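Here's a walk through a structure you may not have met before. Take a look at it first, and then we'll go through it piece by piece.

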Amino acid sequence: MGWGSGLEEQDRMLIRLAKQGDAQAFTQLVHNYKQFVWQIALGVLGDWAEAEDVTQEAFVRAYRSLPTLRTEETFPSWLATVTTRLAIDVARRKKGHRLPQSAPDEWLEDPVDRYGTIENRLLLTTLLERLSEDERAILILRELEDKSYQEIANVLQIPIGTVRSRLHNARLALKHMISSMERENES
Amino acid sequence: MTSGCHISTEQLSAYYDGEGTPETRRQIAVHLETCLVCAETLASYESISSRVSALFTAIEAPSWLENAVYLSLAEIQGAHEAWRLKWGTLLTAILMAVGLVAIATSPVGRIVWSIIRLLFHGVRGIFRSLRDLPFGAGTGAYPVAFVVICFACSILFVIAGFSISRRWHTV
């Protein structure tokens, strides 16, 4: 379901134009990829405000470094790498930061808004809180962006075995968490 | 490792992601046909995947985020333009200074410099004569120079008027 599976001709052309310095083309790329970047940033950080900052910063960095991109095909992976590394850096700098403190006030004011239902938001909050930033990054890259273990290893610059074990740990943690939540709901 | 079988949950996780050698994948596939525990674990991974996907797909990026990115990019472009203007101006000034020195030190430059000096002295003389006129009439060559300049100007006016009148008639 990720963007990396295939690049549309229109995007390929936009990337080519943006590489040549066409600001209008890059603006269109921002429009097309904002959701992609936002999801990664939010997935790794679990913090709306920080995810917004990281999304902005990721596009700014992409704009600056776009001329160094070798092939248009690698743009989504490259953008995902830039975003993930930025988000992990921010998460490491602010380690110990708790999600509920940074969740926006609109959560409680608007039961169904752009962030989904309250249940979704709470589940997401709890889910992300219990995983490390690396586990979150691996989970997001795998589940949302459909990256292979090798691609994730390249993005995070860790061995492929570490990707495998951390993803497994994240899944186990989520499995236990979901089971206990379901048990609580039943009782 | 799940109880009572030789396949670990980590292997199952990798299998679920389509990783592992063809041989390992084949062995796990055969094992899954008979092991309910492992099949259940695999189903739980599938459930987690769909939950995570559904969760994040439901969360849309804030609408204003795009504008915030554009503003950041506009700031960068503005800063870049300012930087180019600053260094461009400085570079032009340096090049002009170098060019002037080069001209001044060349043989042609010396001739040009002499002409400039002559012109400068001429202009200064005219300026002084104009300055001294109200106070020093009849005291030297300056009033004469003033009269000559006035005469030259009137001739120029006459020529210009004649030229304009000819053009007017031609049209």
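Is B:Arg26 buried, partly exposed or exposed? With a relative accessible area of 47%, B:Arg26 is partly exposed. Keep in mind that this is a predicted model.

B:Arg26 has a partner, too: its side chain meets that of B:Glu23 in a salt bridge, 3.1 Å from N to O. Both residues sit in helix α2 (residues 22-34) of chain B, three residues apart, which is about one turn of the helix. B:Glu23 also counts as partly exposed, at 42% relative accessibility.

## The two chains

Let's step back to the chains themselves. Chain A has 10 helices and two strands. Reading from the N terminus, its elements go α-α-α-α-α-α-β-β-α-α-α-α. Chain B has six helices and zero strands, so to read its order from the N terminus you just get α-α-α-α-α-α.

Here's how the two chains look in numbers:

| Chain | Residues | Buried residues | Exposed area | Carbon and sulfur share of exposed area |
|---|---|---|---|---|
| Chain A | 187 residues | 52% | about 9000 Å² | 48% |
| Chain B | 171 residues | 23% | about 12300 Å² | 71% |

Contacts along each chain are worth a look as well. In chain A, take the contacts between residues at least 6 apart in sequence: 65% of them join residues at least 24 apart. In chain B, residues 24 or more positions apart account for 38% of the contacts with a separation of 6 or more.

## Where the chains meet

How many residues does each chain bring to the contact? Chain A gives 44 residues and chain B gives 34 residues. The size of an interface is often given as the accessible area lost when the parts come together. Here, the area buried between chain A and chain B is about 3800 Å², with carbon and sulfur atoms giving 65% of that.

There are four salt bridges between chain A and chain B, and 14 residue pairs are in polar contact across the interface. On the chain A side, the elements that give two or more residues are α2 (23-45), α3 (48-65), α7 (118-129), α8 (133-143) and α10 (160-186). The most comes from α2(A), with 11 residues. Sorted by type, the chain A side that touches chain B has 22 nonpolar, 12 polar and 10 charged residues.

One of the elements on that side, α8(A), deserves a closer look. It is largely enclosed by the rest of the structure, because 11 of its 11 residues are buried. Among them are A:Ile138, A:Leu139, A:Ile140 and A:Leu141, along with charged names such as A:Glu133 and A:Arg142.

## Following A:Arg142

A:Arg142 counts as buried, at 11% relative accessibility. Its side chain meets that of B:Asp17 in a salt bridge, at 2.9 Å from N to O. A:Arg142 also forms a salt bridge with A:Asp146, where the closest N and O atoms are 3.6 Å apart.

A:Asp146 lies in the loop between α8 and α9 (149-156) of chain A, and at 44% relative accessibility it counts as partly exposed. Most residues other than glycine have a negative phi. A:Asp146, though, has a positive phi of about 60 degrees, and it is not a glycine. A:Gln157 also has a positive phi without being a glycine, near 55 degrees. A:Gln157 is in the loop between α9 and α10 of chain A and is exposed, with a relative accessible area of 64%.

## Two more spots in chain A

Which residue does A:Arg12 pair with in a salt bridge? The partner is A:Glu73, and the closest N and O atoms are 2.5 Å apart. This pair links distant parts of the chain: A:Arg12 is in helix α1 (residues 9-19), A:Glu73 is in the loop between α3 and α4 (75-93), and the two are 61 residues apart. A:Glu73 is partly exposed, with a relative accessible area of 44%.

Finally, there's A:Val54, in helix α3 of chain A. A:Val54 is buried, with a relative accessible area of 3%. Leaving aside neighbours within four places in sequence, its contacts include A:Ala41, A:Leu45, A:Leu86 and A:Val90. The C-alpha atoms of A:Val54 and A:Trp38 are 8.2 Å apart, with their positions 16 residues apart along the chain.

Note on methods. Residues numbered from 1 in each chain as written. Chains lettered and ligands numbered in written order. Predicted model: local features only at pLDDT ≥ 70, side-chain atom pairs only at ≥ 80, totals over all residues. Heavy atoms only, no water. Contact = heavy atoms within 4.5 Å. Buried area = accessible area lost by both parts, 1.4 Å probe. Polar contact = N/O pair within 3.5 Å; in protein donor to acceptor, adjacent residues only side chain to side chain. Helix = DSSP H or I, 4+ residues; strand = E, 2+ residues; numbered from the N terminus. Buried < 20%, exposed > 50% of the residue type's maximum accessible area, 1.4 Å probe, protein only. Areas by Shrake-Rupley, 256 points an atom, 1.4 Å probe, with all protein chains shown as cover.
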